[in-house]
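Please examine the structure shown below together with its sequence. The paragraphs that follow lead from the ligand and its surroundings to two details of the backbone.

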Amino acid sequence: MADFKKYKMFINGEWVDSESGKTFETLNPENNKPWAIVPEASAKDVDKAVKSAQKAFGGEWSKLLPRERGKFLRAIGDKLRDNAEHLGKIETLDTGKLYRETYKQANYIAEYYDYYAGLADKIEGTVLPIDKPNIQAITTRIPIGVIAAIVPWNSQMFLTATKLAPALAMGNTVVIKASELAPATMFEFAKLIEETGIPKGVVNVITGYGEPCGKTLTSHDLVEKVAFTGGPETARHIIRNSAENLSEVSLELGGKSPVAVFNDAHQENAINGITAGIFGASGQSCIAGSRLYLQKEIYNEFMEKLVARAEKIKIGAPMDPDTEMGPLSNFKQLEIIEKNIKLTLEQGGKIKCGGKRHSFSNEGYYFPPTIIECNDHNLPTAENELFGPVLSVMKFDSEKEVVEKMNDNKYGLSSGVYTRDLARGLRISKAIRAGITFVNTYRLISPSAPFGGIKDSGYGKEAGIDSIKDYTRVKTIWYYTSDEPTLDPFSMR
Ligand code: NAD
C-alpha cells in the first residue's frame, strides 16, 4: 500500500481529496495489481467542481480576448509534446494500451489544441438582412457556460481534446470526469494544464462512478452542456439526467463497424488495414472494424492470409516496443468477450484462430487475436460491440448484398471498403449509413476530420471546423438606429 501512487482531484486550481475521504484503487491490466489510489468524487465534490467552473466562467476568463484564450491552448499543446513520454507511460500502466501508441498519441493530440487555438479568433458573427427600417441586427457567438466532459478509459487524451479544446477556445469552462477505469492519465494531464497558468476553475478534473459522480454532474443545475463519450447504456442515463437541468447533450457512443473486401482489392493493403482496425489497441476502439465481409471468390484465400497475419501478432508487455497487442483494459471485457464467443460457437460460428484466453491471462487480461467465421451476421460476435480483438467474418456475393448487410446493424459509427475500383468506393461510401467511411485504409484521426456516428452510435460530431460552434450559442442583438422615439408600444414590430 505504501508505495502506491496517490492522486488528488483538480478542483478550482487546487489538488484535493474527496470530501468523504473515499478512494478507490486503479489496476494495472498487465498483472491485475493495484498501482494507484484515486479519490472517489461524491455529490459534494461534483458540486464544488461545477461551482468553481461557474465562478471561473464569470471571472477573468470571460474577459480574455479570443486570441489570449488561444495562447493557453497552444501552451497545453506544447506541454503535451514535452511530456508525451511521461503521459504515455502512465496511460499504458493504467489502461494496458501499448506504449508505442500512447506516447505517440499524447504527442499527436497536441495538434488538436493548436488547431482550436487557431480557430479561437476566427469565429465570426453575421449582419442580418433585416426587414425593418431603422434597425441594425447582428448575431454573435457566445460561450455556453459550464461544460461537463465525460470520457471513457480508451483513447482518453483524444476524446478529451475534442471536447476541451473547442470548449476553451470559445470561452467556456469545463469539468472533466475521468473514467473510474484508468483515471490516472487525466490527473497527470491536469498537472500540465495547471502549469500553463490558466485561471483557477477554468478546467477541473474529477473522477468517480456513474453514481453519485456521473449522475450529479450530468443533472447539475449549473451545467449547460454534457459532452459524452461512452457506451449506449450510460448515454440513456445521461439523457434522463439532462431532463433535470435541461442541458444540451452530445453523444459519441459505440460501434460495430463493417468492412468489405472486394475481389479486386489490393490484398496486402486490405490485410494491414483490417489488422489495424480490429487488432490495433486490442480491438478496444469505438471504430474497431469488427464485422468483415469478404467477396466469395477471394474468401478462402483471403481468410487464410488474414489468419496467418493474426497468428503472427506479437502479444506481450504493453511497455515493450516490440509488442503488437497488450492486455485488455479490464476483466469485465474479457468476460463479455468469452460469453459472446461461447454463444456464437453454439449457433454455428467457427473459430479460425484465437478464441480462448491467452496463456498470460492468469496474470493480466490478455486475449489473443480471434477470427470467427459466421454464416450469419446476426450471430452474437458479429452483431454486438465486444470492445476486444474479435473479428467476425462473413461471405458476400454482390455489391448490393454487401451494402444491405453492412447497414443491417443498430450502430453507425465507422465502416471500411477495400476495392481498386474508385467508382465503387465512392458508391459504397455514399450508401453506408455510418458517420465515417474509410476507403482502402482504416483507423485515422485528425483535428480537421469530423468524428462521430449516426443511429445508435450517437449524435454530434467532434473535431473539424464546425464542431467549435457546438461550444457556442447564437446571440441576436438588435440596434435601433433612429433618433426618433419608437411608435406604438402595443404592437410587435
Ligand atoms: P461507459 O459508458 O461505461 O463509461 C463512460 C463514462 O461515463 C465513464 O467516465 C463513466 O464513469 C461515466 N458514467 C457511467 N455511468 C454514468 C452515469 N450514470 N452518468 C454519467 N456518467 C456516467 O463506457 P466505457 O465502457 O468506459 O467505454 C467504452 C464505450 O465507449 C464503448 O461503447 C465505446 O464504443 C465507447 N466509445 C465511443 C467513442 C466514440 O467516439 N464514439 C470513443 C471511445 C469509446
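A polar backbone atom of Leu-253 lies 2.7 Å from a nitrogen atom of the ligand. This distance, like the others given here, is taken from a predicted model. Two further contacts involve side chains. Glu-180 places a polar side-chain atom 2.5 Å from an oxygen atom of the ligand, and for Glu-385 a polar side-chain atom is found 2.6 Å from an oxygen atom of the ligand. Taken alone, the ligand exposes 860 Å², and the protein buries 90% of that area.

The ligand sits in the largest pocket. Four elements give two or more residues to the shell around the ligand: strand 9 (173-178), helix 8 (210-219), strand 11 (223-229) and helix 9 (232-245). Of these, helix 9 gives the most, with 4 residues.

The surroundings may also be considered residue by residue. There are 30 residues around the ligand, and those that come nearest are Lys-177, Glu-180, Thr-234, Leu-253 and Glu-385. Sorted by class, the shell consists of 13 nonpolar, 12 polar and 5 charged residues. Both domain 1 (5-253 + 457-476) and domain 2 (258-439) take part, each supplying at least three residues to the shell around the ligand.

Two details of the backbone remain to be described. As a general background, most peptide bonds are trans, and most residues other than glycine have a negative phi. Where, then, is a cis peptide bond found in this model? The bond from Glu-211 to Pro-212 is cis, with omega near 0°. Pro-212 lies in helix 8, one of the elements that give two or more residues to the shell around the ligand. The second detail concerns Asn-32, which has a positive phi of about 65° although it is not a glycine. Asn-32 is placed in the loop between strand 4 (23-28) and strand 5 (33-39).

How values were computed. Residues are numbered from 1 along each chain as its sequence is written. This is a predicted model: local features need pLDDT of at least 70, side-chain atom pairs count only at pLDDT 80 or more; totals for chains, interfaces and linings use all residues. Side-chain values use heavy atoms; hydrogens and water are left out. A residue is near a molecule or strand if one of its heavy atoms lies within 4 Å of it. A polar contact is a pair of N or O atoms within 3.5 Å; within protein, one must be able to donate a hydrogen and the other to accept it, and residues adjacent in sequence count only if both atoms are side-chain atoms. Accessible areas come from the Shrake-Rupley method with a 1.4 Å probe; for residues, only the protein chains shown count as cover. On a 1 Å grid over the protein atoms alone, a cavity is a set of points where a 1.4 Å probe fits but cannot get out, and a pocket is an open set with protein on both sides within 12 Å along at least five of seven lines; lining residues have an atom within 4 Å of a point. A molecule sits in a cavity or pocket if more than half of its atoms lie within 2 Å of its grid points. Ala, Val, Leu, Ile, Met, Phe, Trp, Tyr, Cys and Pro count as nonpolar, Asp, Glu, Lys and Arg as charged, and the others, Gly among them, as polar. Domain bounds come from an automatic or database domain assignment.
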